[in-house]
Every structure is written in structure tokens, then in C-alpha cells.
Amino acid sequence: MNFLNSAFGSRVARRRVIMIIATVGILFGALTSSGLMEVARRGVFDPGHFVDAQGAIILTSILALYLGVMAADVLLLDLFNTFGLPTSTTVSIVSELVGASIAVALWTNGEGVLSALGVINSGPVLGIYTAIFLSVVTAFVSAAAVMFLVRVVYGHDLKASFPRWGWLWTGVSFAAMAYFVLFKGLQGAAILDEATMSTLRDGIFWILGGVFLVAGGMAIVWRRRPARVIGAIVLTGTGALSIAFAGNDLVNFIGPSVAAFQAVLVEGIDLSGRVETPAWALLLAGAVMVTALARSQKARRVTDTEIRLAAQGHTKQRFRKSRIGAALVTLGYACLSLVGRLTPGGLRSRVEGRTAPPPLDPSAPPYDLLRASVNLTVAALLISIGTANGLPLSTTYITFMAAMGASLGDRTWRAADAEQRVTGILVVLGGWLITGLIAAAGAFVMASLIVLTGTAGLPIVAILVAFGVWRLGRVRQPEPEHG
């Protein structure tokens, strides 16, 4: 849902138009995906622990592992969505694979806890967690810096600044989107073979240069209509992120269920990394996802939480003040005060004049089109750079932290609600750690039930999941309060 927040928050178009663009992107991404489970390919667990003396897969162990992952994942994601908190499918799936594989190894091999822990490929797993953590920090800092610089150049009156400098940001934004689509959205896509991708990589500078010139030319032609040009950036970025999500993240999301299905039907399946997701499964999952985005109140609650945290001016928040938030806000104001004192007075006055937020208009969207374009451009660029270098990333947290960083760089935080915003961001980031712990523990319990009780464990797990979803569906969330 994160890839829609910039479009919704800036009100770039009607909700129906935004959903149509997202639907086309998701279905296109699903159909063009190669369907390979990236998480499995990175090797969270060693499948050699789940084979018999003849080297054949122990089907009951694999089914217990993947069914435990699926059961825990449904409950975990529904839990976070109920409380309006974004969570990462990458973190949850990896953690659930860790917990479930340890459980299956522990109860089937009978060699103790240390032997069960040996089933985990600790190097790749730690690499995933470390890369995600670093990407979160990088996204926040990068978006804050880029937003500040963009606002210094363009100010808040785009009609005055865009005719002169609009071509620059337009060209950079579209070039970043093109790079993102090539190296994230279409990376390994079924419609492009390796030879084609290699040709695109070799000519990447010419391709991006051409996109920059065309986009810059478009901005020059429409220099008197900045809202139309930047709106095109936001809608293009929304479509690009939806393609990438469906083409890559969606595979990870449905991967365990497809792997369990194929483990039953496909003999000799390679669980170490060539678990291929059929196109029909991806298309079906994409259709379900589109329906959920359009109809789910919980999905809208997550969107509302993120938009409020990044909104312009004093905004009702879902989070209360905290001591940690107050301490960080105090430290932040002290640092800004120090920077202000060290900055020459003339320069400080010019920057203040360009970046000072305008009077708050109650009818205005939570943030303007320029900031929405920064959110998407920075997120797309960071994700594509990480993907091109083979780094595991969480698109959810990068997109979220880019929006939070841009809101800080755009000077939208006020003393009245800064502590609540910081607390909200800390809650979401704390959810990153909690996600891993709950996911691993939940998958461990579910997989253990299936292994220890055999066939009888399947209805028990199904009942637990159904009860959990039903109970969470009855949870009522209070309306946001003023700080």
C-alpha cells in the first residue's frame, strides 16, 4: 500500500484514477515477473536437513514448514494492518522461514536445539536484516536532504520557479523512474531474457540521458503548467512502484504457499532457490491484492497513518507523546539552532524565505505535488540502486522512511506535534524488530503444532488462524487525538 500513499496524500488525481493505474501496474508486474522466490534463492534455510537417506525430500517436513509460515504470516499482517502500522513482507517472510525451519528441524531430527539452529544459513539472513536496517536510515537521511534542496530551488510558488528550473527536476525524476523500472520492475522479468537485460545495462547511460532530455523537454513545453508536469511524475512513480511490487515482492509474499503446493505436485523440486511461481498464481494474487487495496478498511487505515505522519502542519496523530520522542525532538532543535548560528545571516535569510512553509490551508492536501514527487523519486532510486547491486531491501520501509524524511526536510513538523510524529516513526521502526520476533515465534509455534500432532494439527492451525482473524476484525481503533 505504501506505493499509493504519495498519490493519495497529494491528491494528484481521483482515487479511482490512482487505483486504475495501480491495478494496471500490479497486473502487468505479475504477468511479466519471472516468478522466482528471491527469499528462497538467498537461502534462508538449508534444505539438506529435510531429506531422507536416499536424498529425497521429506514431504511432511516441508509441508509443515511452509504451512507454518503461511499461518503465521496471515495473523501477523492482519495484526499490523488492524492497528494501522506498515510492516515489511520481506522481514516477515524471512523471520517466519527461520522460525518454522528451526521448529521442523528440532522436532524431526531429534538432535537438540544447537543442531536445529544449524539449519539456518546465518550469513545470508544477517545480511538481509543488516541491509534493511541500513536502507531505512539511508532513505530517511537522503529524502530529507533532497527535499530540502529541492524546496530551496523551487520554493512553494511553483508558478514562479518552474518555468526556469522545472526541466531539471522533471528530467532527474523521470530518469530515476526509468532506472527503477529497468533494474527493479523488469529485473529478471519473463518478457526480457538475459541478453536483452545485458544490452540495457550496457546502454544505461544513453537510455537515462535520453529519458532526461525528453522529460526535460516536456517540462519546458509545459513550463506554465507545473501541476500537470509534477502530477505526471507522481502518477508515473506510482505505476512504476506497483509494477516492481507485483513483479518481485508479491512473489515473496505468496512464495511459501506456492512452494508447499509444488512440493506436493512436483517431484524433485529445488527448494534452495529455483522455486518458480506459476503465472496464474501471480495473476490471481495480484487480483486479490487489487481488490484488497480498493475495498479493505485496514489497508486504508495504514495509508491514513502514514499520510498523517508526513502531513503539512499540525495534524491529528494516532500516537501520543513519549519521553524518547521528546528527547529526540529537543536534540533535533538544538542541532538546527547550532547550524543556524554557524550559517551566514544573508544565506540563512534566503534559505528561510525559500523553505518557510506557507500558511496552512485546511482545504489543501496533506502535502503538495512537489513533495510527493520527491517521495517517489528518492524511494525508486534507492530501491533500484540496491537491486542493481544485489542488496536485499524492504520496499515498504524504504518508501515509508523516504516519506518521513521528506516531511522533515520540508519543515512540516511543528512543536505542537513533532513529538507525536517522532513517536509514530519510532513505533513503526520498532515494529521492524517486533515483526521479526513475532513472525519467528509464530511460525515456530504453528510449524511445531503441525509436526507434533500430524494431520490433526492442520485443522487446529486453521481454527487458530480463523479465530485470530475474526478477533482482530472486531478490534475498534480510536480516532486520532490532538497532542
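## Briefing: helix packing and selected residues in a predicted all-residue model

The side chain of Thr82 comes to 2.6 Å from the backbone oxygen of Asp78. This contact belongs to a predicted model, in which the protein has 19 helices and zero strands. Of the 483 residues in the protein, 50% are buried. Contacts between residues at least 6 apart in sequence were also counted, and 82% of them join residues at least 24 apart.

**Thr82 and helix H4**

- Thr82 lies in helix H4, which covers residues 59-82.
- Thr82 has a relative accessible area of 0% and is therefore buried, the cut-off being under 20%.
- The partner of the Thr82 side chain, at 2.6 Å, is a backbone atom, the oxygen of Asp78.

**Packing of H7 against H15**

- Helix H7 (residues 122-154) packs with helix H15 (residues 345-355) at an angle of about 90°, and the two axes are 8 Å apart.
- H7 is therefore roughly perpendicular to H15, a term that applies to angles of 65 to 115 degrees.
- On the H7 side, the contact is made by Phe148, Arg151, Val152, Val153 and Tyr154.
- On the H15 side, Val351, Arg354 and Thr355 make the contact.
- Sorted by class, the residues in the contact of H7 with H15 are five nonpolar, one polar and two charged.

**Thr355 and its surroundings**

- Thr355, a residue of helix H15, has 1% relative accessibility and so counts as buried.
- Leaving aside residues up to four places away in sequence, Thr355 touches Phe148, Arg151, Val152, His156, Asp410 and Arg411.
- Among these neighbours, Phe148, Arg151 and Val152 also belong to the H7 side of the contact between H7 and H15.
- The side chains of Thr355 and Arg411 are joined by a polar contact of 2.9 Å.

**Arginines with positive phi**

- Arg411 is not a glycine, yet its phi is positive, at about 60°.
- The position of Arg411 is in the loop between helix H17 (395-409) and helix H18 (418-453).
- With 30% relative accessibility, Arg411 counts as partly exposed, whereas its polar-contact partner Thr355 is buried at 1%.
- Arg11, likewise a residue other than glycine, has a positive phi near 55°.
- The loop that holds Arg11 runs between helix H1 (2-10) and helix H2 (15-32).

**Helix H13: span and burial**

- Helix H13 comprises 14 residues, 297-310, which at 1.5 Å a residue should span 20 Å.
- The end C-alpha atoms of H13 are 20 Å apart, so the model agrees with the expected span.
- Because eleven of its 14 residues are buried, H13 is largely enclosed by the rest of the structure.
- The nonpolar members of the buried set include Ala299, Val302, Ile307, Leu309 and Ala310.
- Charged residues are also found in the buried set of H13, including Lys298, Arg301, Glu306 and Arg308.
- Thr303 and Thr305 are buried in H13 as well.

**Ile434 and Thr87**

- Ile434 is placed in helix H18 and has a relative accessible area of 42%, so it is partly exposed.
- In sequence, Ile434 and Thr87 are 347 residues apart.
- In space, the C-alpha atoms of Ile434 and Thr87 are 9.9 Å apart.

Methods: Residues numbered from 1 in each chain as written. Predicted model: local features only at pLDDT ≥ 70, side-chain atom pairs only at ≥ 80, totals over all residues. Heavy atoms only, no water. Axes fitted to C-alpha atoms, helices over the stretch in contact; angles between N-to-C directions. Helix = DSSP H or I, 4+ residues; strand = E, 2+ residues; numbered from the N terminus. Parallel < 35°, antiparallel > 145°, perpendicular 65-115°, else oblique. Contact = heavy atoms within 4.5 Å. Buried < 20%, exposed > 50% of the residue type's maximum accessible area, 1.4 Å probe, protein only. Polar contact = N/O pair within 3.5 Å; in protein donor to acceptor, adjacent residues only side chain to side chain. Expected span 1.5 Å × (residues − 1).
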